[in-house]
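Subject: Structure for you to look over

Dear colleague,

I am passing on the structure we spoke about, and below it I have set out what turned up when I went through it. Please read the notes with the structure open beside you.

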Amino acid sequence: MKRLVILGGGYGGLRIIERVLSPDLPDDVFITLVDRMPFHGLKTEYYALAAGTTPESHLRVTFPNDPRLTIKYGEITGLELDEQVVNFANGDTLSYDWLVIGLGCEDRYHDIPGADQYTCSIQTMGATRNTYSEINNVNPYGTVTVVGGGLSGVEMAAELRESRPDLNVRIIDRGQSILSPFPKKLQEYASQWFIEHEVQLVSMASVTSIEPGVVFNHNQPVESDVIVWTAGIQANRIVRSLPIEADNIGRAKLNQYHQIPTHTNVYVVGDCASTIIAPSAQTAEIQGEQIALMLRKDIKGEEYPASLPALKHKGFLGSLGKKEGFASMGKMSLVGQMARVIKSGQLWMYKKHMG
């Protein structure tokens, strides 16, 4: 019996399962998926759940149903790479021959006092439920501050503006403009959208501390009823605790085959992997395709290819509420309703395919 264990039923983990569960999978290979939730959550859309515009049921995708796949639910507390064992909070253990770590990311608070205690998160389904509850309980004319003007922060603020026009909404960002990694055209379009929809943009910020209901920007208090944190991520704590080489946000440094160099039977996918391209659902799926190829080689005892194709994004899609959006595809930038239609279509196709 050979055991493949996949930790995390996210975008990368599911892509690997989909590719490895092929008709030619040997009968002596058993696959176990480990997750804390009984479904795949569409993390790229958690902002809509937090804003109250999309019900949780629309962000759930059922895990694959296959007799060759076992699903184990539980909270992982640690990995023993030399012993090839996964440890769980309830005392259970799970042995493996090959392991895929796809445990996702956590908020990174940059050692800002109070940030981890007094802000809301949209990193997990559970945290997003809590964020929705906090925002839903804000009275009319209250204020919600989103710290971080990247893709998550922008989508969160825009969706909230549409869902709660009675609230004051602001984005605090350290850059000169929101969406700083994106083309200038998209930055300007999104900024103008927020100005027209009366969302306050605070640029060149330096958040020095956070207290209950207060963000200190350059040590000056900015009051808010709810503070949502979207200002950085780091690898899952399980990966950060491993005795392996990691980058500055705790992601595992890997060889060209997405393996931990000292333990080549362990693959890392998604936000826990240090890659040359930005972490995203798309990155995880591209990695997942390549890891699935390598696992099939492992299972059949075949030689690895001399190299794998370089990781490369096809583009990015973002929304500004339910009617407008923006897209960056190669050298082309697209804004307006068509970009939003494309994103909605992509999400529909993904859910239909995975479901």
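The end C-alpha atoms of residues 3-287 lie 21 Å apart, and this span is 24% helix and 28% strand. I chose that span because the UniProt record, in an unreviewed entry, lists residues 3-287 under "domain: FAD/NAD(P)-binding". Please bear in mind throughout that this is a predicted model.

The domain assignment divides the protein chain in another way, into domain 1 (2-36 + 74-106 + 233-300) and domain 2 (109-231). The centres of domain 1 and domain 2, taken over C-alpha atoms, are separated by 32 Å.

Now to the sheets. An open sheet of six strands runs in the order 5-2-1-9-20-19, and its pairing is mixed. Strand 5 (69-73) and strand 19 (259-260) stand at the edges with a single partner strand each, so one side of each has no neighbour in the sheet. Further in, strand 9 (residues 98-101) and strand 20 (residues 263-268) run parallel and are joined by three bridges, and valine 100 has tyrosine 267 of strand 20 as its bridge partner. Helix 1 (residues 11-20) packs on this sheet, where it touches strand 1 (2-7), strand 2 (29-35), strand 5 and strand 9, and its direction makes about 150° with that of strand 1. Helix 8 also packs on the sheet, touching strand 1, strand 2, strand 9 and strand 20, with its direction at about 150° to that of strand 20.

Which residues of helix 1 are buried? They are Tyr11, Gly12, Gly13, Leu14, Arg15, Ile16, Ile17 and Val20, that is, eight of the 10 residues in helix 1, which is thus mostly covered.

A further open sheet consists of four strands in the order 13-12-11-17, with parallel pairing. Its edges are strand 13 (200-202) and strand 17 (226-229), each of which has a single partner strand, so that one side of each is left without a neighbour in the sheet. On average, and with direction ignored, neighbouring strands of this sheet are turned by 20° against each other. Strand 11 (residues 143-147) pairs with strand 17 in the parallel sense over four bridges, and within that stretch threonine 145 stands opposite isoleucine 227 of strand 17. Helix 5 (residues 151-163) lies across strand 11, strand 12 (168-172) and strand 17, and runs at about 170° to strand 12.

There are also two hairpins to look at. In one, strand 6 (residues 76-80) and strand 7 (residues 85-88) pair in the antiparallel sense over four bridges, with glycine 78 matched to asparagine 87 of strand 7 as its bridge partner. Four residues lie between the strands of this hairpin, and glutamine 84 takes a positive phi near 60°. In the other, strand 15 (residues 214-217) and strand 16 (residues 220-223) are likewise antiparallel over four bridges, and valine 215 has valine 222 of strand 16 as its bridge partner. Here two residues lie between the strands, and histidine 218 takes a positive phi near 50°.

As for the interior, the largest nonpolar core has 67 residues, of which Val20, Ile31, Val100, Met156, Phe194 and Leu295 touch the most other members. Helix 8 (residues 281-300) gives the most to this core, with seven residues, and the core draws at least three residues from each of domain 1 and domain 2. If neighbours within four places in sequence are left aside, phenylalanine 194 is in contact with Val154, Ala157, Ala158, Ile171, Ile178, Val199, Leu201 and Leu320. Apart from the largest core lies another, of 24 residues, including Leu7, Ala252, Val268 and Cys272.

Finally, a residue at the surface: is glutamine 117 buried or exposed? Glutamine 117, which lies in helix 3 (residues 115-118), counts as exposed because its relative accessibility is 55%, and the cut-off for exposed is over 50%. The C-alpha atoms of glutamine 117 and glutamate 245 are separated by 29 Å, these residues being 128 apart along the chain.

With best wishes

Technical notes
Residues are numbered from 1 along each chain as its sequence is written. This is a predicted model: local features need pLDDT of at least 70, side-chain atom pairs count only at pLDDT 80 or more; totals for chains, interfaces and linings use all residues. Side-chain values use heavy atoms; hydrogens and water are left out. Domain bounds come from an automatic or database domain assignment. A nonpolar core is a set of buried Ala, Val, Leu, Ile, Met, Phe, Trp, Tyr and Cys residues joined through side-chain atoms within 4.5 Å. Buried means under 20% relative accessible area, exposed over 50%, partly exposed in between (1.4 Å probe, protein chains only). Contact means heavy atoms within 4.5 Å. Two strands pair if DSSP finds at least two bridges between them. Axes are lines fitted to C-alpha atoms, for helices over the stretch in contact, and angles run from 0 to 180 degrees between N-to-C directions. UniProt positions are given in the numbering used here, feature names are shortened, and annotations may be inferred rather than shown by experiment.
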